[in-house]
Amino acid sequence: MTERVVVAGAVYDGGRLLAARRSAPAELAGRWELPGGKLEPGERPEDGLVRELREELGVETEVLARIPGSWPLKPGYVLQVWTVRLVSGEPRPLEDHDALRWLGPDETGAVDWLEQDRPAVAEAARLLREHGRTTRTGGPSRTGHASPTDGDGHPGDGPGPSVRRDG
Ligand SMILES: Nc1nc2c([nH]c(=O)n2[C@H]2C[C@H](O)[C@@H](COP(=O)(O)OP(=O)(O)OP(=O)(O)O)O2)c(=O)[nH]1
């Protein structure tokens, strides 16, 4: 049996990771996940992920890199995860979710993730922490500009509530 792939995004913006709380089905409702959905037959994973994030959250995204691994879900389905950069739009819980949260790399333990998402979330947080040390990702960049190349950056200047500057 070929397994069907569920593609999910570790969506980054302003040095934080997006968590989405499922509203359905009943057995998953209330638990947090990386947003995404089922890949259509013949669809490239990167294309499917951009499509799902547009449908579910109303945002445009750019897929960055695969987080190595493949995690079993319900029988016949596996989860694969990519890091994703938010390009434009403000994520809204349009489908499948009833709440969204931006979490700093040291805050990912604040929500009750689905078990199957935990390894990818841990790796996404690690990458975010590592990346945050070498680039200025502290300030929110949800307006679409993502080239913090000049100026001092002052990562704490923006309204982002949960950005840590240490480390
Ligand atoms: N999107 C997503 N689904 C996950 C994750 N972890 C996990 O167990 N799942 C499960 C929940 C669902 O049973 C399945 C994904 O289905 P979905 O309902 O999000 O997919 P979809 O948007 O394509 O919806 P549909 O075709 O069923 O209408 O995988 C995750 O991190 N992201």
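What share of the contacts in the protein chain with a separation of 6 or more comes from residues 24 or more positions apart? The figure is 68%. Here are my notes on the rest, point by point.

1. **What we are looking at.** This is a predicted model, so read every value below as computed from predicted atoms. The protein chain has 167 residues, and buried ones make up 34% of them. Its secondary structure comes to two helices and seven strands. Going from the N terminus, the order is β-β-β-β-α-β-β-β-α.

2. **The annotated domain.** UniProt, in an unreviewed entry, puts the feature "domain: Nudix hydrolase" at residues 2–127. In the model that span is 18% helix and 43% strand. The C-alpha atoms at its two ends lie 31 Å apart.

3. **Strand 1 and its partners.** I'd start with strand 1, residues 4–13, if you have the structure open. This strand is mostly covered, with eight of its 10 residues buried. It runs parallel to strand 6 (residues 77–88), and nine bridges join the two. In that pairing, Val-6 sits opposite Leu-79. Strand 1 is also joined to strand 4 (residues 36–38), this time antiparallel and by three bridges. Look for Ala-8 across from Gly-36 there.

4. **The first hairpin.** Strand 1 also runs antiparallel to strand 2 (residues 16–22), with two bridges between them. Tyr-12 faces Leu-17 across this pair. The two strands make a hairpin with two residues between them, and Gly-14 in the turn has a positive phi of about 55°.

5. **The other side of the story for strand 6.** Strand 6 pairs with strand 5 (residues 60–72) too, in the antiparallel sense and over nine bridges. Here Glu-62 is opposite Arg-85. These strands also form a hairpin, with four residues between them. Gly-76 in that hairpin takes a positive phi near 90°.

6. **The nonpolar core.** The largest nonpolar core has 29 residues, and the ones touching the most other members are Ala-10, Val-11, Leu-17 and Val-81. Strand 1, strand 2, helix 1 (45–57), strand 6, strand 7 and helix 2 each supply at least two residues of this core. The largest share, six residues, comes from strand 1. As general background, nonpolar side chains in soluble globular proteins tend to be buried together. Val-81 is a handy residue to click on: leaving aside neighbours within four places in sequence, it is in contact with Ala-8, Ala-10, Leu-34, Ile-67 and Ala-120.

7. **Around the ligand.** Which residues are closest to the ligand? They are Ala-8, Glu-33, Gly-36, Gly-37 and Lys-38, out of 18 that surround it. The elements giving two or more residues to this shell are strand 1, strand 4 and strand 6. Strand 4 gives the most, with three residues. By type, the shell divides into nine nonpolar, three polar and six charged residues. Ala-8 turns up again here: this residue is among the closest to the ligand, stands opposite Gly-36 in strand 4, and is in contact with Val-81.

8. **Backbone oddities.** In general, most residues other than glycine have a negative phi, and most peptide bonds are trans. Two spots are worth checking against that. The peptide bond from Ala-24 to Pro-25 is cis, with omega near -10°. Pro-25 is in the loop between strand 2 and strand 3 (32–33). The other spot is Asp-96, which has a positive phi of about 70° although it is not a glycine.

9. **Two loop residues.** Asp-96 lies in the loop between strand 6 and strand 7, and Gly-109 is found in the loop between strand 7 (97–103) and helix 2 (118–134). Is Asp-96 buried or exposed? Asp-96 counts as buried because 21 other C-beta atoms lie within 10 Å, and the cut-off for buried is 20 or more. Gly-109 has 12 such atoms within 10 Å, so it is exposed, the cut-off there being 12 or fewer. Gly-109 is also 51 residues from Gly-58 in sequence and 26 Å from it in space, C-alpha to C-alpha.

Conventions. Residues numbered from 1 in each chain as written. Predicted model: local features only at pLDDT ≥ 70, side-chain atom pairs only at ≥ 80, totals over all residues. Pairing = 2+ DSSP bridges. Contact = placed C-beta atoms within 7 Å. Near = placed C-beta within 6 Å. Nonpolar A, V, L, I, M, F, W, Y, C, P; charged D, E, K, R; others polar. UniProt positions renumbered as here; feature names shortened; annotations may be inferred. Core = buried A, V, L, I, M, F, W, Y, C linked by C-beta atoms within 7 Å.
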